Amino acid sequence: MSAPLYITGVAETPLGEVAGENELSMVAKATREALAEAGLKRRDIDGLFVNYMGEEGSVQVAEYLGIQPRFSDSSDLGGAAFEAQVHHAMAAIQAGYCEVALIAYASRQRSRRARSLSGSAPVMGVPIMHQLEVPYGLPSPIGRYALIAARHMHQYGTTRAQLAEIAVAARLWAQKNPKAWSRDPLTIEDCLNARPISEPLHRNDICLVTDGGGACIVTTAARARDAAKKPIRILGAAESHTHWHISQMPDLTVSAAAKSGPEAFAMAGITPADVDILQPYDSFTITVLLALEDLGFCKKGEGGAFVESGALRPGGKLPSMTSGGGLSYNHPGALGLMLLIEAVRQLRGEAGERQVPDAKIGVAHGVGGLLSTAGTVILARE
Amino acid sequence: MSDRMQIDDPVLWPYWEGAQRRALLVQRCRACGHHQHYPRPFCLECDHDVLDWVETKGQGTVHSVTTVHVQLLPELKPPYQVALIDLDEGPRLVAGIDGTTCAIGDRVAVTWREREGLPPLPNFTKAAP
């Protein structure tokens, strides 16, 4: 058994539509808050883990923060990078390569108007995707998620109303979170009548485009001693990925969570039945449905019936997306770090109106790319 | 020919050269007969490193399909369909659907969408039952 590791500090960057900041200043602000929670100083950080912070991202962020890490990682696993980086940080700390790991991210994709459905310029070139997928006008990333949803509906009888229930559950949680971007009432009917984008996915099956980000400190029991807030134990973490081009995905209805989930649960020595709160990556409603099945909260093909029971809603048997998620709270292009932050806050019991009573075990499950990557982190209040 | 096609990828040249004469090509492993697409310098099935480009029958089945309602490319006016096609030879590929609306499980055959300055793009259309 490895020595226990903890998340001792978490913080969001400014959220929503952020003025007067750049990505690095946002990261710096979140890092200072997270360090204060952890009872650590900026120069205690000796391991740095970032994604989407530009070329040589960890090099840029380290310079900005004025630190020189012993261990540095800019792995790009899309939105799942941050759960994967908890996994990487555990390995690095356990190997003695660093002791205080900072995982950080910020994006101003909303303010910058940075998102485009075409994904990349439709020109011919070396990237295989530009030759074989882009010329067909398959929206990126939603078109890939739409093909996955259509196949799941065909194979298992999953309905649009069942997918809509995921968006409605997220909205019900968002209404309890003052920081959530979308808090207006939302019904299944609203979702069914919403504008189609890439069928079977309609407007409300799709996450927000907002500015945001955060910081998270992972460290040892010894360095957790001075933490101002209750350290949250990391019980298990794992990662995997299945494909990049959608034509190469081995099975459209099975995500990389089918590997990362069982591995993380095995490391934690618990089962899905022990989980009190779930923070699934809700980039699209179908992303959540596959995670529920692949992580083992229900059987393959039964995700639709599982969510239809109201399981994910406030008061449900598996409270999920408790911040309002990427669908209603905040989605800064990569959501994984926000999932860890919300899981930690729930397990500390500081989630205010949206607090799930007596939450002891939580799962943050990141998904990235074109439903390509997965990172699963299991956390516990000791 | 490669200059005219404006494709800077020698590994995919044979695919586009096939397209130029309306032939849908994929790789076939000389050792185990496995068909694969896109091309690689080794067989994903058996690791053999000699593969031939072979012409497919251009027939397959719709594995999944989405109807797109946003305009991404000037030449594609929404709504239009994009599908994953399982070729009878095995490989799965992304392609546009021409003509009648298709559903999962439909049998389809290759058609070619002409492009300015580029080789024609394989699309699929619902096959006669």
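**Exercise 1. The contact between the chains**

Work out how many residues chain A and chain B each give to their contact, and which elements of chain A take part.

*Solution.* Step 1: chain A puts 28 residues into the contact and chain B puts in 28 residues, where two residues are in contact if their C-beta atoms, placed from the backbone, lie within 7 Å. A word on the input: this is a predicted model, in which local features need pLDDT of at least 70 and side-chain atom pairs count only at pLDDT 80 or more, while totals for chains, interfaces and linings use all residues. Residues are numbered from 1 along each chain as its sequence is written, and chains are lettered from A and ligands numbered from 1 in the order in which they are written.

Step 2: on the side of chain A that touches chain B, at least two residues each come from helix 4 (128-132), helix 5 and strand 5 (196-198) of chain A. Helices (H or I, at least four residues) and strands (E, at least two) are DSSP runs, numbered from the N terminus. Helix 5 of chain A gives the largest share of this side, six residues.

Step 3: sort this side of chain A by class, and you get 17 nonpolar, eight polar and three charged residues. Here Ala, Val, Leu, Ile, Met, Phe, Trp, Tyr, Cys and Pro count as nonpolar, Asp, Glu, Lys and Arg as charged, and the others, Gly among them, as polar.

**Exercise 2. The two domains of chain A**

Find the bounds of the domains of chain A and describe how domain 1 of chain A touches domain 2 of chain A.

*Solution.* Step 1: the assignment places 5-113 + 211-235 of chain A in domain 1 and 138-206 + 236-380 in domain 2; such bounds come from an automatic or database domain assignment. Taken over C-alpha atoms, the centres of these two domains of chain A are 23 Å apart.

Step 2: domain 1 of chain A brings 33 residues to the contact and domain 2 of chain A brings 39 residues. On the domain 1 side, two or more residues come from each of strand 1 (5-12), helix 3 (81-94), strand 4 (100-107), strand 7 (212-220) and strand 8 (232-241) of chain A. Helix 3 of chain A supplies the largest share of that side, seven residues.

Step 3: by class, the domain 1 side of chain A holds 17 nonpolar, 10 polar and six charged residues.

**Exercise 3. A sheet in chain A**

Trace the strand order of the nine-stranded sheet in chain A and say which strands stand at the edges.

*Solution.* Step 1: the sheet is open, has mixed pairing and runs in the order 3-2-4-7-1-8-11-10-9 (chain A). Two strands pair if DSSP finds at least two bridges between them.

Step 2: strand 3 (71-73) and strand 9 of chain A are at the edges with a single partner strand each, so each has one side without a neighbour in the sheet. On average, neighbouring strands of this sheet are turned by 20 degrees against each other, direction ignored; axes are lines fitted to C-alpha atoms, for helices over the stretch in contact, and angles run from 0 to 180 degrees between N-to-C directions.

Step 3: look inside the sheet. Strand 8 of chain A and strand 11 (residues 373-380) of chain A run antiparallel and are joined by eight bridges, with A:I234 opposite A:L379. Helix 1 (residues 23-38) of chain A packs on the sheet and touches strand 1, strand 4 and strand 7 of chain A.

**Exercise 4. A covered helix**

Is helix 10 of chain A mostly covered or exposed, and what do its buried residues pack against?

*Solution.* Step 1: in helix 10 (residues 285-294) of chain A, 10 of its 10 residues are buried, including A:I286, A:L290 and A:E293. A residue is buried if 20 or more other C-beta atoms lie within 10 Å of its own, exposed if 12 or fewer, and partly exposed in between; C-beta atoms are placed from the backbone.

Step 2: the packing partners of these buried residues include helix 5 (142-156), helix 6 (160-174) and strand 10 (361-368) of chain A. After helix 10 of chain A comes A:G296, with a positive phi near 95 degrees.

**Exercise 5. Strand 1 of chain B**

Which strands does strand 1 of chain B join through bridges?

*Solution.* Step 1: chain B has two helices and eight strands. Strand 1 (residues 25-29) of chain B has four of its five residues buried.

Step 2: five bridges link strand 1 of chain B antiparallel to strand 3 (residues 51-55) of chain B, and B:V26 stands opposite B:V54.

Step 3: two bridges link strand 1 of chain B antiparallel to strand 2 (residues 35-36) of chain B, where B:H35 is the bridge partner of B:R28. These two strands of chain B form a hairpin with five residues between them, and B:G33 in the turn has a positive phi of about 80 degrees.
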